[in-house]
Amino acid sequence: MDWLISKVLRGKTKFLNFDFVKLYYSKKHNLKELLLTMPRDAKHTAELQKQRQKLKEKGQKYVPGTVSLQVLGSGAKGVPRSLYVFTDQSRYLFNCGEGTQRLAHEHKMKLSKLEHIFITHPSWENIGGLPGVALTIQDVGVQEITLHGPAGTDEIFKATQRFVILKDLSVKMACCSAGTHFEDSVMTVRYLPITSTAVISAKDVNSDTTISDMKSGGQAVSPRGSSSSSTKISSDEEDDDVDYYAHERKRKKHSHWGDRNAETKRQRSNIDAPKEPVALSYICQLKPRPGSLCLERCVERGVPPGPLLGKLKAGEDVLLSDGTLVKSADVRMPDDPGPVFLVVDCPSLDYVDSLVNNPTFSRHQEAAMSDCDVAFLVVHFTPKAVMEDSRYRMWMKQFSPSTYQLIINESNSCMGSVAVHRIQQKLHLLHQGIFPLLQDKGIPSEDSACNGMNGVVRTIPEAEQKNEGGVILDSENSDEQVSVIKESSNKITERTLTSYENVSDIFSLIGARTFCSVHLRPRKGLDRKGELKLNPKLYVKETLCEEGFPEALADLKQKLAEIQVDPLKKFPQVLFLGTGSCIPNKTRNTSSILIHISEDDCIMLDCGEGTYGQLVRFYGPEAVDAVLGKLRAVFISHLHADHHIGLVGLLKGRKRALPQSPVFLIAPKQIMSWLKLYHNCFEPVLQEFLLIANGDLHMGRRNVEADLYSQLLTYLHMSDISTVPVKHCPNAFGVAFRHCDGWKLTYSGDTMPCDDLVELGRGSDLLIHEATMEDELMREAQSKLHSTTSQAIEVGLRMGAKFTLLTHFSQRYAKLPRLNANFTKDVGISFDNMQVRLGELPLLPMMYPSLRLMFAEHYDEMEQKTARKLLRQEREQQAFSS
């Protein structure tokens, strides 16, 4: 056995499982501590980092020949604002709103070359996706990223360091003061701070909300801006030093950010200091690129093949053997001085004067001293309301008619994901009510009428740029289309029907969609041919072509028709917004469930990244505000990022829908450490909720004030709300709701099988339980304190739940978890965008045969992986026994 251990330590065997070695030496050998503390093999990460460094050094030797800007997130309601700049050697990201990670994953954006992220203004719409993107960047081997933005933008990483662990990635904050710049082999970026006329103190944005303010129809009457807060936080809650991922690693200390307690104290010491609101605009200019060598001209002048061509290409004049002097300028194409593009964000009307009066911009507007300085493109991250201001419109008109103006804000409607529509169209075949079609209409269908500019690369010769006119608007925004009247060869007058009515003489006003591109080098201009389109007929056809599926579907329809569901029992209705674990992928978002408890009230269970966007996608941008207006409470089970990082976005979305009504936040009290830091460093959010700590609702040991608990129950129409600690990370809780109408719902959060949860959920009509791993991954589930599918089902049987719905699947089960004999008539599988009433729960198990055929390829692949895994474990057992 010792020789096997020796091989393991030298990395020379692949078939011996580490757990067996640990077991063998657990009691009798001095190597125990070495094995238990031995770091994971980092060979893969190190190799990736080595390859990246070689490519980086090679790329720095020349100016890239291809540079394009590509929209990733359009800024539409519930969509991140993010613009990707890519070259043949590096990548740059401008703004990184919540949901950027998921879009980048779906569209296979290569983040391995991303080393610089530019933030215009530290609002959630611009920085909410930074933690998730940083984790992805870390996983692909990037060692360091540089964050450019207003001072303090990097506080987002320090505020989230308890639940976003960056142990292999260093985040460096650039100094972006006025007059400074960033420069590399691709471009030069100058920083232009834009200041607000309003200077506020963090004290001015605290909450004075009480439970009595939330009673009358959900409308709060307390004023914002009071200096006191009813949400009392102890120093222990502010100084949250819990390691929420200690159970998943051997080394518990990660001092990437230095002394965390000292950092927290430093942040708190600056809470009451007046803050000067600052936004950054960026003036970016590509590095000049020498013109390419024209071989035809070289032949005309008698230049022979060989090294002379290289000298001419490098800019040197050469003397031929016959004494003829050939000048490099005569045989090369014109040099490209490097186009200029601007990235602008004017967050509110308070910033407009600072923006329009900044003389630096005039150097790149129509009155520029040189044609080379005229902006080729202006990217507007400015909100729609500010762009409609007369001062801003006049400033826009001062740019040349040849300047493209790209708008990335909430006036757009493209949500950027095709995959969610593809899977929903397939599931819709099974049951139209349980799997309704999404109300996100921002992506046009293949068979719908499209804008005539779609799919066209608009090329503008330099000689014609000053004289050619036209207006390009996003065809998805039909209410903002324009009529163009050409008055002369040099002038265009446009009138929009609504938003930008007086914005005239603008050559190209572009509403952003995902994959809308502008080519800077070569200067091909606007390119819409890569933009997303839906093809519902194709998605349905793909499914109907699966062998055996049409027959299974017909059989399912017949069985469903035989079951009568009471149409009057509409509530509770459960809507799954996220059913995946850890990180989002293109078909399963991270944990979030909306429970409609009545026509006018709903509760959110957990709130992973992108929850607000999922709501917009499901209900549509017009109807989502009405739904958020009914949201009375949010329950957060524990403080892993995939269960609460979307809370800020949800609170902001709800504020727009219901400006003066805070929501109950039932969560671990330690969540206030993160929320207060965000509130103090970035935006006011504390006034949007009233915290009730999970621990204060403990079953049998309730510690909440009697009046407060009574008002909570009345507000939510519940007869009981209780929690218990569960077996996961510290401060993790399960919850049970007993409604006044008699039904009971229990939610596990993340947990191993837990006896206390069984007691809490006795007599439940519905148990929603995590089932992260398949049964064959029992050891992995134990190491990460999760449940397997069979364990989750067993918990439901033990508590006597009438039905068990499984969720929180590992992303290895992107479409369908493995089904086994334990999946009975009382067990269901959840999917994103699945809504189901209690009376419809028995319909879910009937769909299993159709689901297996619908996702046959995915399911067969999982079966093969499981078979290989079992064979490998059998070999390990044999090796161990020998």
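**Group meeting: a walk through the predicted model**

Good morning. Let me begin with a cysteine: the sulfur of Cys516 lies 9.7 Å from the closest cysteine sulfur, that of Cys414, which is too far for a bond. A disulfide requires the two sulfur atoms to be within 2.5 Å. A search of the whole structure accordingly finds zero disulfides. Cys516 is itself buried, with a relative accessibility of 1%, whereas Cys582 counts as exposed at 57%.

Before going further, I should stress that this is a predicted model. The mean pLDDT of the chain is 82, and 78% of its residues reach 70 or more. Two stretches call for caution. Over residues 34–38 the pLDDT stays under 50, and the model gives this stretch nine contacts beyond four places in sequence. Over residues 215–233 the pLDDT is also below 50, and the model shows 45 contacts for that stretch beyond near neighbours in sequence. Where pLDDT is low, the predicted coordinates should not be read in detail.

I turn now to charged side chains. Side chains of opposite charge can pair when their charged atoms come close. How many salt bridges does the structure hold? The number is 29, and I shall present several of them.

One of them joins Lys172 and Glu144, whose closest N and O atoms are 3.7 Å apart. This pair links distant parts of the chain, since Lys172 belongs to strand E6, residues 170–173, and Glu144 to strand E5, residues 144–148, with the two positions 28 residues apart. Both partners are partly exposed: Lys172 has a relative accessible area of 42%, and Glu144 one of 36%.

A further salt bridge brings together the side chains of Arg818 and Glu774, with 2.9 Å between the closest N and O atoms. Here too, distant parts of the chain are linked, as the residues are 44 apart. Arg818 sits in the loop between strand E30 (804–807) and strand E31 (827–829), while Glu774 sits in the loop between strand E29 (766–770) and helix H28 (778–783). Are these two residues buried or exposed? Arg818 counts as buried at 14% relative accessibility, and Glu774 is buried at 6%.

The side chains of Asp389 and Arg391 also meet in a salt bridge, at 2.9 Å from N to O. In this pair Asp389 is buried, at 16% relative accessibility, but Arg391 is partly exposed, at 31%. Finally, Glu125, Lys652, Arg656 and Glu683 are linked in a network of salt bridges.

Let us next consider a histidine. Where is His364 placed? His364 is found in the loop between helix H15 (359–362) and strand E13 (375–380). With a relative accessible area of 3%, His364 is buried. Its side chain makes a polar contact of 3.0 Å with the side chain of Arg190. Beyond residues up to four places away in sequence, His364 touches Arg190 and others, including Ile283, Val340, Leu342 and Phe399.

My last topic is helix H18, residues 419–428. The helix is mostly covered, nine of its ten residues being buried. Among the buried ones are Ala419, Val420, Ile423 and Leu427, together with His421, Lys426 and His428. Against which helices do the buried residues of H18 pack? They pack against helix H5 (100–106), helix H19 (536–544), helix H21 (611–619) and helix H30 (848–854).

Thank you for your attention.

Terms used
Residues are numbered from 1 along each chain as its sequence is written. This is a predicted model: local features need pLDDT of at least 70, side-chain atom pairs count only at pLDDT 80 or more; totals for chains, interfaces and linings use all residues. Side-chain values use heavy atoms; hydrogens and water are left out. A salt bridge is a side-chain nitrogen of Lys or Arg within 4 Å of a carboxyl oxygen of Asp or Glu. Helices (H or I, at least four residues) and strands (E, at least two) are DSSP runs, numbered from the N terminus. Buried means under 20% relative accessible area, exposed over 50%, partly exposed in between (1.4 Å probe, protein chains only). A polar contact is a pair of N or O atoms within 3.5 Å; within protein, one must be able to donate a hydrogen and the other to accept it, and residues adjacent in sequence count only if both atoms are side-chain atoms. Contact means heavy atoms within 4.5 Å. pLDDT is the predictor's confidence in each residue, from 0 to 100.
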